[in-house]
Amino acid sequence: MELKINNQSKHFEAEELSVQDLLDLEFPEKQNGIAFAINNSVIPKTDWQTTILSETDDILIITATQGG
């Protein structure tokens, strides 16, 4: 599966990925402070397990950072 994430194409071996599957691959250590949007619609964390991605989706992943 080829996905466009944050304006970059990435290839994944899986034929089907949920939002949670993708985050497990991309951010295995840290999943707090993440916002996930598909086609400009934010996906609530409660829906990450059940929302299935398709190759036509425009995915945006934002992670919170600390600073001061």
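Which residues does Ile61 touch, not counting residues up to four places away in sequence? In this predicted model, the partners of Ile61 are Ile5, Asn6, Leu22, Leu23, Phe27, Ile34, Ala35 and Phe36. That list is a handy way into the structure, and the elements around it can now be introduced.

The chain is built from 1 helix and 5 strands. Read from the N terminus, these elements follow the order β-β-α-β-β-β. Strand S1 covers residues 2-5, helix H1 covers 19-26, strand S3 covers 34-38 and strand S5 covers 58-63. Strand S2 takes up residues 8-11, while strand S4 is formed by residues 41-42.

The overall dimensions come next. A compact globule of 68 residues would have a radius of gyration near 11 Å, and the chain has 12 Å, so the two values agree. Along its principal axes, the C-alpha trace spans about 40 × 25 × 25 Å. The accessible surface amounts to about 4700 Å², and carbon and sulfur atoms contribute 47% of it. Of the 68 residues, 32% count as buried. Contacts also link distant parts of the sequence: among those between residues at least 6 apart, 48% join residues at least 24 apart.

What lies inside? In soluble globular proteins, nonpolar side chains tend to be buried together. Here, the largest nonpolar core has 16 residues. Within this core, Leu3, Leu22, Phe36, Leu53, Ile59 and Ile61 touch the most other members. Two or more core residues come from each of S1, H1, S3 and S5. Ile61, the residue of the opening question, is thus met again here, and its contacts include Leu22 and Phe36.

The charged residues add another part of the picture. The chain carries 4 positive and 12 negative charges, and the mean positions of these two groups are 11 Å apart. One charged residue worth following is Lys4, which sits in strand S1. Lys4 counts as partly exposed because its relative accessibility is 38%, between the limits of 20% for buried and 50% for exposed. Leaving aside neighbours within four places in sequence, Lys4 is in contact with Ser9, Asp57, Asp58 and Ile59. Gly33 is 29 residues from Lys4 along the chain, and the C-alpha atoms of this pair are separated by 21 Å.

A second charged residue, Glu15, lies in the loop between strand S2 and H1. With a relative accessibility of 78%, Glu15 passes the 50% limit and therefore counts as exposed. The C-alpha atoms of Glu15 and Leu53 are separated by 9.9 Å, although their positions lie 38 residues apart along the chain.

Two asparagines deserve a look for their backbone angles. Most residues other than glycine have a negative phi. Asn7, however, has a positive phi of about 65 degrees without being a glycine. Asn7 is found in the loop between S1 and S2, and at 64% relative accessibility it counts as exposed. Asn40 likewise has a positive phi, of about 70 degrees, and is not a glycine. The loop between S3 and strand S4 holds Asn40, which is exposed with a relative accessible area of 79%.

Definitions and conventions. Residues are numbered from 1 along each chain as its sequence is written. This is a predicted model: local features need pLDDT of at least 70, side-chain atom pairs count only at pLDDT 80 or more; totals for chains, interfaces and linings use all residues. Side-chain values use heavy atoms; hydrogens and water are left out. Helices (H or I, at least four residues) and strands (E, at least two) are DSSP runs, numbered from the N terminus. The radius of gyration is taken over C-alpha atoms; the globule rule is 2.2 Å times the number of residues to the power 0.38. Buried means under 20% relative accessible area, exposed over 50%, partly exposed in between (1.4 Å probe, protein chains only). Contact means heavy atoms within 4.5 Å. Accessible areas come from the Shrake-Rupley method with a 1.4 Å probe; for residues, only the protein chains shown count as cover. Lys and Arg count as positive and Asp and Glu as negative; His and the chain ends are not counted. The place of a charge is taken as NZ of Lys, CZ of Arg, CG of Asp or CD of Glu. A nonpolar core is a set of buried Ala, Val, Leu, Ile, Met, Phe, Trp, Tyr and Cys residues joined through side-chain atoms within 4.5 Å.
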